[in-house]
Amino acid sequence: MTPAEQRASHYTAKRQDRAYLGEDWNAGDRDVDVRCHRQWIAVNRKAYSCVGNSAGQRHEVPAGERMLVQSALIEGRWGGYRLCLKCCDEWLDQLEGLS
Ligand SMILES: [Zn+2]
């Protein structure tokens, strides 16, 4: 693949960054003790695995793609995960479809 093709294969986010950052992605885990939760959007320096959304499955996201990164102290241990913007969009599409 040429660099131009690689760029063209990048997922183009449907929303502005603040739409992803303003979402509470852990809303379903209220019974878990989560502290110091932070989230930001980062460009992958290498391939990372995306945890997927309710419909999707865990999958690999190549270097150069932007992902939502989450970090938190979960039940006393630092943990984090990454979600690609495509999965974020699918998730938000679903939420908007329900409302
Ligand atoms: Zn994903």
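**Figure 1. Overall arrangement of the secondary structure.** Three helices and five strands constitute the secondary structure of the protein, shown here as a predicted model. Read from the N terminus, the order of the elements is α-α-β-β-β-β-β-α. The protein has 99 residues, of which 11% are buried. Of the contacts between residues at least 6 apart in sequence, 54% link residues at least 24 apart.

**Figure 2. The open sheet formed by β1, β4 and β5.** The three strands are arranged in the order β1-β4-β5, and their pairing is antiparallel. Strands β1 and β5 occupy the edges with a single partner strand each, so one side of each has no neighbour in the sheet. From one strand to the next, the twist averages 20 degrees. Helix α3 packs on this sheet and touches β4 and β5, its direction making about 80 degrees with that of β5. As general background, the strands of a sheet pair through backbone hydrogen bonds, in either a parallel or an antiparallel manner.

**Figure 3. Pairing of the edge strand β1 with β4.** Strand β1 comprises residues 34-43 and is joined to β4 by eight bridges in the antiparallel sense. V34 has I74 of β4 as its bridge partner, while V43 is matched with R66 of β4. Strand β1 is hardly covered, since the count of buried residues among its 10 residues is zero.

**Figure 4. The hairpin of β4 and β5.** These two strands run antiparallel and are connected by eight bridges. Two residues lie between the strands of the hairpin. In the turn, E75 adopts a positive phi of about 50 degrees. Within the ladder, A72 is bridged to G79 of β5, and Q70 stands opposite Y81 of β5.

**Figure 5. Helix α3 and its buried residues.** Helix α3 spans residues 85-98, a total of 14 residues. The distance from its first C-alpha to its last is 20 Å, close to the 20 Å expected at 1.5 Å a residue. Its residues L85, C87 and C88 are buried. These residues cover an arc of only 155 degrees around the axis, which places them on the same side of α3. In general, an α-helix has 3.6 residues a turn, so residues three or four places apart point the same way. The elements covering the buried residues of α3 include α2 (17-21), β2 (48-50), β4 (66-74) and β5 (77-84).

**Figure 6. The largest nonpolar core.** This core has 10 residues in all: Y20, C50, V61, M67, L68, L83, C84, L85, C87 and C88. At least two of its residues are supplied by each of β4, β5 and α3. Helix α3 gives the most, with three residues.

**Figure 7. Surroundings of Y20.** Y20 is a member of the largest nonpolar core. With its neighbours within four places in sequence left aside, Y20 is in contact with R15, I41, L68, L85 and C88. Among these contacts, L68, L85 and C88 also belong to the core. Two of the residues touched by Y20, L85 and C88, are buried residues of α3.

Methods. Residues are numbered from 1 along each chain as its sequence is written. This is a predicted model: local features need pLDDT of at least 70, side-chain atom pairs count only at pLDDT 80 or more; totals for chains, interfaces and linings use all residues. Helices (H or I, at least four residues) and strands (E, at least two) are DSSP runs, numbered from the N terminus. The expected span of a helix is 1.5 Å times one less than its number of residues. A residue is buried if 20 or more other C-beta atoms lie within 10 Å of its own, exposed if 12 or fewer, and partly exposed in between; C-beta atoms are placed from the backbone. The arc is that of the directions from the helix axis to the C-beta atoms. Two residues are in contact if their C-beta atoms, placed from the backbone, lie within 7 Å. Two strands pair if DSSP finds at least two bridges between them. Axes are lines fitted to C-alpha atoms, for helices over the stretch in contact, and angles run from 0 to 180 degrees between N-to-C directions. A nonpolar core is a set of buried Ala, Val, Leu, Ile, Met, Phe, Trp, Tyr and Cys residues joined through C-beta atoms within 7 Å.
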